[in-house]
Amino acid sequence: MKVLAIALNSQYIHTNPALFALAKETPAKRNLDIVYKQWSINMSELWIFEQILAEKPDILAFSLYIWNVDFAAGLLQDLQLLLPNCLFVAGGPEVSGHPQEIFQRIPQLELLFLGEGEDSWPAFLTLAAQYHATYNPNWQQQLVQACAASSETSATACIATKNSIPTHIHPIDFRRRPFLYTSTDLETLSQEKRVIYYESSRGCPYGCTFCASAREPLRERDLDLVLAELPRLAAAGGQIKFIDRTFNANPKRALAICQTISSLYRPGLSWHFELAPASCPEELCQIFAAAPAGYFHLEAGVQSLNPASLRAVGRAADWQKAKPTLQMLAASPCDLHVDLIAGLPYETPESFAQAFQELHQLNPGYLQLGFLKILPGSCLAEQAEEFGLKYSPRPPYQILYTPDMSAEYLLQLHRGERALNAFYNKRRYRELLLEKGRIWPGGALQMYFHLAEAMRAYPSGLSEKAAQAIIATLDQI
C-alpha cells in the first residue's frame, strides 16, 4: 500500500513540522510504503500534480491551512479524475475548525483527521494496511466505514467521515513526545536554508477568542527533553523558530530555555519566539538585552490598546506593564516584531490610531499592521454576528466591516499597511519617519495614509528614485 502525505507551505523557506511529527509515528509494516513530501503554493501547480501522479498513491493525505486549502482543492479536483481508486484524506487546522464545510468544499475528501494526529495517524495506517492486505477491491470503502464506526476510546475516534463527525477531541499526552528531526532531516533543512520549527509547548493559558488555541489547554514537553534538544537544533544553524503560542507562558521555563540558548551562540544562528510582553520577567529581558545583535527574534503581540476591545476578545493585557518591556526590547540588540490587529470589536479609528502612534514611536524593528481573521472553529466565529462583524467566507477569513470600522476605513488601512511595509519595515528613511510621525497632524497613521496616496502615482513599483519622490512629499505639510 502506497501512502503519500504532503504539505503545501506558503513559502519555500518554511517547513511543516506536522509531517515530521507524523513520520516519527509511522508504524513498521511490511506492506506499507509511506512517503512524506513538502512543496510550496508558489511552485507550479502542474509540476506538483505531476509529482503526485508519479507516486501512484493508494492513499493521499494533505495537511490543510488557510493559505493552502484552495490550492489543495484545485489539485484534488483534477487528481480524482486520474486517480479514481485513491483514498483522499486530510488533517490540519483548517480541517479541525469546520469539518462539515471542508467536506462540502472539497467533496473528494473521504476522511478528515481532527485535532492532533500523532495517535490517530499511526492507528489509521495500521488499520488501512490490514484492509489493503485483504485484496478486496472495495478496501477503501471498508476502511472509511471502519473509521466511522470507531468507538470513543479508539485511537481513530477523532477521524471524521461525511456521515460521522466526532464532537469531542481529546488532546494527546505531549510531555515526552520524540524529537521531531533526525540528523539527516536537520542537515537537509540546513542545506536548503529553511526555517526549522520547534515546539516546546502546545495550547495557551490565555483565552483570546480570535485564536484557534483558545480552547486548547497549555501542555509542555518535559523541560529536560527540551534542554537536551537545543544543542542539536543549534548545530543545524539558520533560524530556529519556536511555534509555542506564548513562549513565556511559564516564565521560569522560558528563562531556563533562554539561558541554555545563550550559551549556544554562533554566527548565522538565530532563535524566534512569540512573547507576552506584560509577563516577561526582568531576568529574561536581561538575557535578551545582553545577546548578540539579531540572535533573538522576538514577536510581541500587542493587538490593541483599547480596553473594551481587549475585554471583548478575552485578551489579558496590561499596557503599563508591557510598555517598559517593549521599550527595553526595542532598544536592545534583538530583532523586535510588534503587531496591532485592525477590526477587533469596539476598536474605533481613533483608538487604533492612538495605539499605532504608541507602537510606531517605540521604533520596533518591524511594526505589523494586521487585520482580524475570523478563524473557523474559534470562539469569535461564534460571536461574530453578536458583534456585528462581517468577514470574508473565503480563507484567510479577513474582516471586511465592523460597526466601528467601516469597509472604506479598513480599505484605507490596507493602503496604509502597504506604505508602512514599503518604508518603515524596509528601514527606508526610518529616522525621518519617526521624526515626522511624532509631529504629523493626526498622528503617524495619517502620515502613512498620506504616503499611500503618494504611492498611487507609481503603480508599477517603487524604485529608489520613486521612493525619494514620495518621501519628499512629507516636507510639503
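**Exercise 1. The second largest pocket**

How much space lies in the second largest pocket? Work it out, then describe the lining.

*Solution.* Keep in mind that this is a predicted model.
- Step one, the volume: the second largest pocket holds about 450 Å³ of space.
- Step two, the centre: 23 residues line this pocket, and the closest to its centre are Glu152, Ser154, Ala157, Cys158 and His168.
- Step three, the chemistry: the lining of the second largest pocket splits into ten nonpolar, ten polar and three charged residues.

**Exercise 2. The mixed sheet**

Trace the open sheet that contains strand S2 and find what packs on it.

*Solution.*
- Start with the order, which runs S2-S1-S3-S4-S5-S6 across six strands, with mixed pairing.
- Next come the edges: strand S2 (33-40) and strand S6 (159-160) each pair on one side only.
- Now look inside the sheet, where strand S3 (residues 59-63) and strand S4 (residues 87-91) are joined in the parallel sense by five bridges. Within this pairing, Ile59 has Leu87 in S4 as its bridge partner.
- Finally, add the helix: H1 (residues 17-24) packs on the sheet and touches strand S1 (2-9), S2 and S3. The direction of H1 makes about 170° with that of S2.

**Exercise 3. The parallel sheet**

Do the same for the open sheet that contains strand S7.

*Solution.*
- The six strands follow the order S7-S10-S11-S12-S13-S14, and the pairing is parallel.
- Strand S7 (196-198) and strand S14 (366-371) are the edge strands, each pairing on one side only.
- From one strand to the next, the twist averages 20°.
- For a look at one pairing, take strand S11 (residues 269-275) and strand S12 (residues 296-303), which pair in the parallel sense over five bridges. Here His272 has His297 in S12 as its bridge partner.

**Exercise 4. Two helices in contact**

Describe how helix H8 meets helix H9.

*Solution.*
- Begin with the geometry: the axes of H8 (residues 183-191) and H9 (residues 223-236) come within 9 Å and cross at roughly 35°.
- Then list the residues: Ser183, Leu186 and Ser190 in H8 meet Arg232, Leu233 and Ala236 in H9.
- Sorted by class, this contact has three nonpolar, two polar and one charged residues.

**Exercise 5. Salt bridges**

Which side chain meets that of Lys323 in a salt bridge?

*Solution.*
- With a cut-off of 4 Å from nitrogen to carboxyl oxygen, the count comes to 22 salt bridges.
- Lys323 meets Glu358, with 3.2 Å from N to O.
- To place the pair, find Lys323 in helix H13 (residues 319-330) and Glu358 in helix H14 (residues 349-362). The two residues are 35 residues apart, and the pair links distant parts of the chain.

Notes:
Residues are numbered from 1 along each chain as its sequence is written. This is a predicted model: local features need pLDDT of at least 70, side-chain atom pairs count only at pLDDT 80 or more; totals for chains, interfaces and linings use all residues. Side-chain values use heavy atoms; hydrogens and water are left out. On a 1 Å grid over the protein atoms alone, a cavity is a set of points where a 1.4 Å probe fits but cannot get out, and a pocket is an open set with protein on both sides within 12 Å along at least five of seven lines; lining residues have an atom within 4 Å of a point. Grid points are joined across faces, edges and corners, and a volume is the space filled by probe spheres set on the points. Ala, Val, Leu, Ile, Met, Phe, Trp, Tyr, Cys and Pro count as nonpolar, Asp, Glu, Lys and Arg as charged, and the others, Gly among them, as polar. Two strands pair if DSSP finds at least two bridges between them. Helices (H or I, at least four residues) and strands (E, at least two) are DSSP runs, numbered from the N terminus. Contact means heavy atoms within 4.5 Å. Axes are lines fitted to C-alpha atoms, for helices over the stretch in contact, and angles run from 0 to 180 degrees between N-to-C directions.
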